[in-house]
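Student: I've got a model open and I'd like a close look at a single part of it. Could you walk me through how the helices pack, starting from one pair?

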Amino acid sequence: MQNFKDKVAVITGAGSGIGAGLVRRCIAEGMKVVLADINQQNLDQMAEELTSITTNDCMMFIKTDVSKKQDIQRLAEKTKKKFSQVDILFNHAGIPGPLGPIWKADYDEIEQVIKVNLLSMMYALKAFVPMMIEQNTPGYIVNTSSAAGLKLGFDMAGYTITKRSVVTLSETLSLDLEATKSKIKVSVFCPEMVATNFAKLIPKEKATDSESVKKLRQYFYDSFPAKGIPVKEAVDQVFEAIRNEKFYIFTHSKESYAQIKNITDNLLAGNNPIDLYK
Ligand SMILES: NC(=O)c1ccc[n+]([C@@H]2O[C@H](COP(=O)([O-])OP(=O)(O)OC[C@H]3O[C@@H](n4cnc5c(N)ncnc54)[C@H](O)[C@@H]3O)[C@@H](O)[C@H]2O)c1
């Protein structure tokens with residue numbers, strides 16, 4: 001997709017961080033944007049910011065919990081009613097899920113991370129893809145995974161399982177659309193650390209947390225703002241990929257490729273999983 005002007009984007013998790021960065025870029029490209037987020041305060045802040053740079057007929061704010069299929073359905077219906085079309089769907093909302101080994105996680109934490117990070121994307125594909133196919137115009141879907149979705153990790157089972165599944169979901173989606181000669185293209189976004197509020201979504205400390213989990217939580221609290229690349233840099237990479245129809249989008253390709261190669265070489269050598277971080 002080369003030309004973005006007057007196109008319509010739907011962005012989940014649009015109220016903060018990378019999602020908010022995608023919104024700003026879409027507006028700068030002259031697009032119309034539907035902002036979906038569970039956090040009304042985040043949406044209100046975005047509304048205040050955007051009022052000075054675009055008009056009400058170019059934006060819509062919909063409080064949406066992506067883990068609920070009826071919310072996603074409502075998002076699609078409201079988008080169609082206001083804008084009559086969808087050109088780019090950014091399935092971006094996600095949560096870190098519980099830290100620590102899976103057997104220590106609560107049932108509701110396990111179910112929540114799978115719903116928010118994975119099932120939500122399937123709900124959104126069911127709600128939006130038929131509409132986009134019917135339009136018969138060039139369209140684009142960007143699913144946000146993580147570099148963690150292609151690597152090995154410990155103490156974050158819910159996150160890594162769902163993010164790896166998002167890569168697979170995007171790969172099969174891309175092939176399925178291609179098989180029907182669809183005009184819709186797909187990318188999967190696999191960032192390393194980007195400076196956002198993401199660590200704030202990590203569940204609070206529990207009495208059962210091990211020392212390594214406590215350290216990991218602190219590492220995330222300290223690292224996202226300090227070590228993450230600026231949001232704009234990550235968003236630029238996403239738009240560059242959309243322009244070039246590049247499927248895999250990495251923010252730190254050199255580091256991510258080296259680790260993925262390491263894991264793959266290890267697997268092909270017939271060895272057991274390795275801890276990349278030791
Ligand atoms: N920041 C990073 O370093 C990084 C790295 C890899 C992947 N990611 C991915 O980027 C996405 C968002 O991260 P961010 O860094 O922009 O974080 P962020 O915390 O700044 O923004 C996340 C937004 O998603 C919203 N959200 C959370 N649960 C939701 C739900 N159920 N329904 C709708 N909205 C919901 C939050 O309210 C928030 O506004 C996630 O999918 C995450 O896995 C981020």
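Student: Let's take α4 and α5: what is the handedness of their crossing?

Tutor: Right-handed, for α4 and α5. Bear in mind that this is a predicted model, so read everything below as computed from that prediction.

Let's stay with that pair. Helix α4 covers residues 107–135, and helix α5 covers residues 157–179. Their axes come within 9 Å and cross at roughly 15°. Angles under 35 degrees count as roughly parallel, so α4 and α5 are roughly parallel to each other. If you want to see the seam between them, colour the α4 side first: E109, I110, V113, I114, N117, L118, M121 and L125. Across from these, α5 brings G158, Y159, T162, K163, S165, V166, L169 and L173.

Now look at α4 from its other partner, helix α3, which spans residues 69–83. Here too the axes come within 9 Å, with a crossing of roughly 30°. That angle makes α3 roughly parallel to α4, and this crossing is right-handed as well. The residues that α3 puts into the contact are K69, I72, Q73, A76 and K80. On α4, they meet S120, Y123, A124, A127, F128 and M131.

F128 is a good place to pause, since it links this packing to the interior. The largest nonpolar core has 66 residues, and F128 is among those with the most contacts inside it, along with A9, V10, I11, V23, V33 and L35. Helix α4 gives the most to this core, with 11 residues. There's a general background to that: nonpolar side chains in soluble globular proteins tend to be buried together.

For a view of the core away from α4, pick A9. Setting aside neighbours within four places in sequence, A9 is in contact with C26, M31, V33, D87, I88 and F90. V33 is itself listed with A9 among the best-connected core residues, while I88 and F90 fall within the numbering of β4 (88–91).

The ends of α3 and α4 deserve a look too. Past α3, in the loop that leads to β4, sits S84. S84 has a positive phi of about 65° although it isn't a glycine. Past α4, N136 is found in the loop between that helix and β5 (139–144). N136 is not a glycine either, and its phi is positive at about 60°. Most residues other than glycine have a negative phi. Both residues are on the outside by neighbour count: S84 counts as exposed because it has 10 C-beta neighbours inside 10 Å, and N136 is exposed, with 10 other C-beta atoms within 10 Å.

For contrast, try a helix pair with another geometry. Helix α1 (residues 17–28) and helix α7 (residues 231–244) have axes that come within 9 Å and cross at roughly 60°. That crossing angle makes α1 oblique to α7. The handedness is again right-handed. From α1, the residues in the contact are G17, I18, G21, L22 and R25. From α7, they are V231, K232, A234, V235, V238 and F239.

Further along α7 you reach A241. With 20 C-beta neighbours inside 10 Å, A241 counts as buried. Leaving aside neighbours within four places in sequence, A241 is in contact with S187, K246 and I249. The S187 contact spans 54 residues along the chain, yet the two C-alpha atoms are separated by 7.7 Å.

Set E48 beside that. E48 belongs to helix α2 (residues 40–51), and it counts as exposed because it has 9 C-beta neighbours inside 10 Å. From E48 to F247 is 199 residues in sequence and 34 Å in space, C-alpha to C-alpha.

Finally, zoom out. The protein has 8 helices and 7 strands, and 40% of its 278 residues count as buried. Among contacts between residues at least 6 apart in sequence, 74% join residues at least 24 apart. The C-alpha atoms fill a box of roughly 50 × 40 × 30 Å along the principal axes. A compact globule with 278 residues would have a radius of gyration near 19 Å, and the protein has 19 Å, which agrees.

Technical notes:
Residues are numbered from 1 along each chain as its sequence is written. This is a predicted model: local features need pLDDT of at least 70, side-chain atom pairs count only at pLDDT 80 or more; totals for chains, interfaces and linings use all residues. A nonpolar core is a set of buried Ala, Val, Leu, Ile, Met, Phe, Trp, Tyr and Cys residues joined through C-beta atoms within 7 Å. A residue is buried if 20 or more other C-beta atoms lie within 10 Å of its own, exposed if 12 or fewer, and partly exposed in between; C-beta atoms are placed from the backbone. Helices (H or I, at least four residues) and strands (E, at least two) are DSSP runs, numbered from the N terminus. Two residues are in contact if their C-beta atoms, placed from the backbone, lie within 7 Å. The radius of gyration is taken over C-alpha atoms; the globule rule is 2.2 Å times the number of residues to the power 0.38. Axes are lines fitted to C-alpha atoms, for helices over the stretch in contact, and angles run from 0 to 180 degrees between N-to-C directions. Angles under 35 degrees count as roughly parallel, over 145 as roughly antiparallel, 65 to 115 as roughly perpendicular and the rest as oblique. A crossing is left-handed if the near helix is turned anticlockwise from the far one by less than a right angle, and right-handed if clockwise.
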